Amino acid sequence: SRNPMGLDGTKFNLEGISAIVDALRSNRRIESAGLTDVHEGASYKRGAACRFSPTDPDGSYKLDCADPWDAFLLETLHAMSNEPGETWMHVRHNGAPLVVPDSGESSGELPKSGLVEFEYVSWRRGLEAALDLDLSNAGDRLLAELAEQRVIAGDVCCHWSKLDGTPFALGVASLPAAGSLRAACSSTTPQDELTFEAALDLSSPAGRATALRLWERQLTSPLESWRSASLDDARADPAEWQYPHLPEQGTLKLEHTVELRSKPLDRGRHLSPPMAEARFDDLMRALSAEQQLSLEGPAREGPGLLSQAAGRAYFTAEQAAAVLRVVRKRKGRARAMSALHPRVIDPQNLSAAVQRAFASEAERQEVMGVLEAALSERRRGFAVRSP
């Protein structure tokens with residue numbers, strides 16, 4: 001059988017380890033990795049299928065319908081999902097979304113060929129949404145208040161919450177005016193996201209400030225988005241707005257969603273996926289507009305888009321280089337590099353990506369100097385922390 005760790009008895013190489021790390025990064029639902037039950041035919045690509053247990057079925061599955069064992073698992077898990085609190089999430093057939101027939105219906109409706117991928121979830125455990133909120137930020141505070149209301153109503157369960165690092169009873173204790181609130185919440189009903197509905201009066205400064213902060217969250221957080229938005233009951237698309245300018249009149253109604261996951265998306269630079277290209281394109285349009293405003297006048301108050309994105313997402317070296325190309329000022333590039341470098345998943349490619357991103361030799365030299373300065377700063381930080 002093949003050795004997944006790249007050991008052949010005479011030498012050691014990193015190919016097997018790199019493959020495992022790539023798998024952990026690409027599959028957000030793997031909760032742990034090890035060599036238990038490693039055998040011929042076992043593969044991370046098969047998800048929980050190679051270690052199926054009817055008493056603990058939760059996990060991600062990739063089943064080949066033409067394989068007898070996988071077909072048996074497909075029918076078995078379909079029947080098991082009829083139990084209260086059991087369900088399939090994120091179901092795809094050959095890469096396309098699949099509507100699964102009710103578990104009470106015949107399994108004959110299930111695919112007979114192709115690859116079926118899904119996450120089997122026992123809602124007694126529940127998928128979780130990690131909330132990290134600054135209560136002095138208008139948008140974050142609104143989300144905290146809506147989460148508090150949902151916890152009190154009973155349709156959201158708060159597993160734990162902390163205020164400035166101290167345990168805090170969300171839904172019991174009153175929210176203070178400021179502070180950092182972190183919480184892990186799940187839905188008490190089967191769904192794959194928490195939805196927070198809001199109606200904001202854009203003619204008021206408070207309503208506009210709240211809408212802007214929520215807009216920034218959905219631009220910079222990989223797990224947050226606006227499922228729908230309307231302005232005075234007409235469909236609204238923030239992609240058509242020029243950041244940071246919002247309509248000056250009307251009532252903005254929106255559904256701000258936070259995706260529920262079986263484990264945190266942020267698992268460090270080596271195991272976390274980069275920002276999706278579509279989301280990155282939206283961020284770049286907004287970041288370009290923000291940079292143009294900074295050239296025309298003083299910067300806005302509060303954290304900029306880049307600092308928010310660097311705190312919530314990870315990037316490829318190519319994406320980081322694209323961001324640096326948008327930032328015009330040297331000081332801005334230095335700040336951007338300091339923020340981005342710890343969040344680049346392939347830092348070994350950053351130098352080459354920067355070289356390709358700039359046509360001018362003068363600009364290349366300037367940005368390479370900024371990159372080296374950021375690396376030196378990180379080395380000094382490591383040296384200070386070392387015993």
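Let's start with Thr251, which is in contact with Ala199, Leu200, Ser230, Leu231 and Asp232, if we leave aside its neighbours within four places in sequence. Everything I show you today comes from a predicted model, so please keep that in mind. Thr251 is found in strand E12, residues 251–259. Take one of those contacts, Ala199: Thr251 and Ala199 are 52 residues apart along the chain, yet their C-alpha atoms are separated by 6.4 Å. Is Thr251 buried, exposed or something in between? Thr251 is partly exposed, because its relative accessible area is 29%, and partly exposed covers the range between under 20% for buried and over 50% for exposed.

Ala199 brings us to another strand. Strand E9 covers residues 193–201, and Glu193 lies in it. Which residues does Glu193 touch? Not counting residues up to four places away in sequence, Glu193 touches Arg227, Thr257, Val258, Glu259 and Leu260. With Arg227 there is a polar contact of 2.4 Å between the two side chains.

Let me step back to the whole chain for a moment. The protein chain has 387 residues, and buried residues make up 43% of them. Its secondary structure comes to 10 helices and 12 strands. If you take contacts between residues at least 6 apart in sequence, 70% of them join residues at least 24 apart. The accessible surface comes to about 20,300 Å², and carbon and sulfur atoms account for 52% of that.

Now for the sheets. Strands of a sheet pair through backbone hydrogen bonds, either parallel or antiparallel. One open sheet here has 4 strands in the order E5-E8-E6-E7, and the pairing is antiparallel. Why do E5 and E7 each have a side without a neighbour in the sheet? Strand E5 (129–134) and strand E7 (166–167) stand at the edges with a single partner strand each, so one side of each is left without a neighbour.

Inside that sheet, follow strand E6, residues 156–163, and strand E8, residues 180–187: they pair in the antiparallel sense over 7 bridges. Ser161 has Ala183 in E8 as its bridge partner, and Leu163 has Leu181 in E8. E6 also pairs with E7, again in the antiparallel sense, over 2 bridges. There, Lys162 stands opposite Pro167 in E7. The hairpin of E6 and E7 has 2 residues between the strands, and in this hairpin Asp164 takes a positive phi near 50°.

There is another open sheet of 4 strands to find on your screen, with the order E1-E4-E2-E3 and antiparallel pairing. Here strand E1 (59–64) and strand E3 (96–97) stand at the edges, each with a single partner strand, so one side of each has no neighbour in the sheet. Strand E2, residues 86–93, and strand E4, residues 115–122, run antiparallel and are joined by 6 bridges. For instance, Thr87 has Val121 in E4 as its bridge partner.

On to the inside of the protein. In soluble globular proteins, nonpolar side chains tend to be buried together. In this model, the largest nonpolar core has 75 residues, and Leu170 and Leu181 have the most contacts inside it. Which helix gives the most to this core? That is helix H7, residues 317–326, with 7 residues. A second, separate core has 14 residues, including Leu73, Leu74, Trp88 and Val91. Back to Leu170: leaving aside neighbours within four places in sequence, its contacts are Ala147, Glu148, Val151, Cys158, Ser161, Leu175, Leu181 and Cys185. You have already met Ser161 as the bridge partner of Ala183, and Leu181 as the bridge partner of Leu163.

Let's finish with a helix, H8, residues 330–340. Its buried residues are Gly332, Arg333, Ala336, Met337 and Leu340. They cover an arc of only 135° around the axis, which puts them on the same side of H8. An α-helix has 3.6 residues a turn, so residues three or four places apart point the same way. The face turned away from the buried side of H8 carries the exposed residues Lys331 and Arg335.

Just past this helix, in the loop between H8 and helix H9 (350–357), you will find Asp346. Is Asp346 buried or exposed? Asp346 is buried, because its relative accessible area is 16%, and buried means under 20%. Not counting residues up to four places away in sequence, Asp346 touches Phe315, Thr316 and Ala317.

Conventions:
Residues are numbered from 1 along each chain as its sequence is written. This is a predicted model: local features need pLDDT of at least 70, side-chain atom pairs count only at pLDDT 80 or more; totals for chains, interfaces and linings use all residues. Side-chain values use heavy atoms; hydrogens and water are left out. Buried means under 20% relative accessible area, exposed over 50%, partly exposed in between (1.4 Å probe, protein chains only). The arc is that of the directions from the helix axis to the C-beta atoms. A nonpolar core is a set of buried Ala, Val, Leu, Ile, Met, Phe, Trp, Tyr and Cys residues joined through side-chain atoms within 4.5 Å. Contact means heavy atoms within 4.5 Å. A polar contact is a pair of N or O atoms within 3.5 Å; within protein, one must be able to donate a hydrogen and the other to accept it, and residues adjacent in sequence count only if both atoms are side-chain atoms. Accessible areas come from the Shrake-Rupley method with a 1.4 Å probe; for residues, only the protein chains shown count as cover. Two strands pair if DSSP finds at least two bridges between them.
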